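Here are a few notes to read alongside the model. Have a look at the picture first, then work through the points in order.

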Amino acid sequence: MTSEQLRPRRSVLYMPGANERALEKAKGLDADALILDLEDAVAPDAKPEARERVCAAVQSGEYGHRELTIRVNGIGTEWHDDDLTAVAEAGPHGILVPKVNSADEVRALVAALEKAGAPDHTMLWAMVETPVAILHAEEIAAAHEHLAVLVMGTNDLVNETFALHVPGRAPLVPSLTIALLAARAAGKAILDGVYNDVKNEEGFAAEARQGREMGFDGKTLIHPSQVEPTNEAFAPSETDVEHAGEVIEAYEQAQAEGRGVVTVNGRMIEHLHVRDAQRILALHEAIASR
């Protein structure tokens, strides 16, 4: 796994860039990452001020272990170029761009960030949220090494496919799967979309569990109350960690003894199980060392 894939991104919370109180509160939240938002959460006349506020927040050094990303306004909007210039100078961990629809757009965005002087650690994040993006997900994910994370925009996908928001997300599962396969094929991280009903704790827990079962690295969130259950859903459990340790120990012992057959608790163990166990332990250690 790459260092970008290994970095804990279980809970990734959107915070409105125009809301100074929200940005201050975010300093005490246990989210793995924050997306300081200049797009949907900010009214048009407030965008210039919000841009200054989130850039100052990134440069403040007051957010501890949290990975800081800024979502800029989309390609072709009147704010996009100014956003990229300012955010590149601020140097967050990532710059999230909505509605990225092609590999050419990825390469153009990387070139624009380089031209604006973005530091090497500032990676590109791309939102996958249109039918066109889903159909070109593999090309988008593999377009450039500086693209680190794909972010599912599930609300927009539902809107643009004329689907419905339903428990279990059956209308979205094909799109989620395609994007996830594209991310894994390209060695990129991928985040599940948001859950809108913040008061429905049971529904949220079910959707977070579904995202983890599908293979997502984490979930984007719209409310601080969703952070703790998401961290739990996407972290290896104690049972997972214990089993992973047993798998690796048994495999190494078998190798030392020249045995080709390895079993743990009666189950055959192959090298792919060892790789998965190593991934689980590495993620567990990365979370513990935050």
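1. Which residues are linked with Asp37 in a network of salt bridges? The other members are Glu39, Asp40 and Arg71. Keep in mind that this is a predicted model.

2. That network is part of a bigger tally, as the structure holds 19 salt bridges. As a reminder, side chains of opposite charge can pair when their charged atoms come close. The next three points each pick out one such pair.

3. Start with lysine 27 and glutamate 62, whose side chains meet in a salt bridge at 2.3 Å, N to O. Lysine 27 sits in the loop between helix 2 (20-25) and strand 2 (33-37), and glutamate 62 in the loop between helix 3 (47-60) and strand 3 (67-71), so this pair ties together parts that are 35 residues apart in sequence. Glutamate 62 has a relative accessible area of 44%, so it counts as partly exposed.

4. Next, find arginine 51 and aspartate 83, where the side chains meet in a salt bridge of 2.7 Å, N to O. Here distant parts of the chain are linked: arginine 51 belongs to helix 3 and aspartate 83 to helix 4 (residues 80-90), and the two are 32 residues apart. Are these two buried or exposed? Arginine 51 is buried, at 12% relative accessibility, and aspartate 83 is buried too, with a relative accessible area of 0%.

5. Further along the chain, arginine 169 forms a salt bridge with glutamate 207, and their closest N and O atoms are 3.5 Å apart. This pair also links distant parts of the chain, 38 residues apart: arginine 169 is in the loop between helix 8 (154-161) and helix 9 (173-186), while glutamate 207 is in helix 10 (residues 201-214). Both arginine 169 and glutamate 207 are buried.

6. Now for the empty space. The largest pocket has a volume of about 500 Å³. It is lined by 20 residues, and the closest to its centre are Arg212, Gly215, Asp217, Arg279 and Leu283.

7. Where does that lining come from? Helix 11 (227-234) and helix 13 (271-288) each supply at least two residues of the lining of the largest pocket. Helix 13 gives the largest share, four residues.

8. How many residues of each class make up the lining of the largest pocket? There are nine nonpolar, two polar and nine charged residues.

Note on methods
Residues numbered from 1 in each chain as written. Predicted model: local features only at pLDDT ≥ 70, side-chain atom pairs only at ≥ 80, totals over all residues. Heavy atoms only, no water. 1 Å grid on protein atoms, 1.4 Å probe; cavity = no way out; pocket = protein on both sides within 12 Å on 5 of 7 lines; lining within 4 Å. Points joined across faces, edges and corners; volume = space filled by probe spheres on them. Nonpolar A, V, L, I, M, F, W, Y, C, P; charged D, E, K, R; others polar. Salt bridge = Lys/Arg side-chain N within 4 Å of Asp/Glu carboxyl O. Buried < 20%, exposed > 50% of the residue type's maximum accessible area, 1.4 Å probe, protein only.
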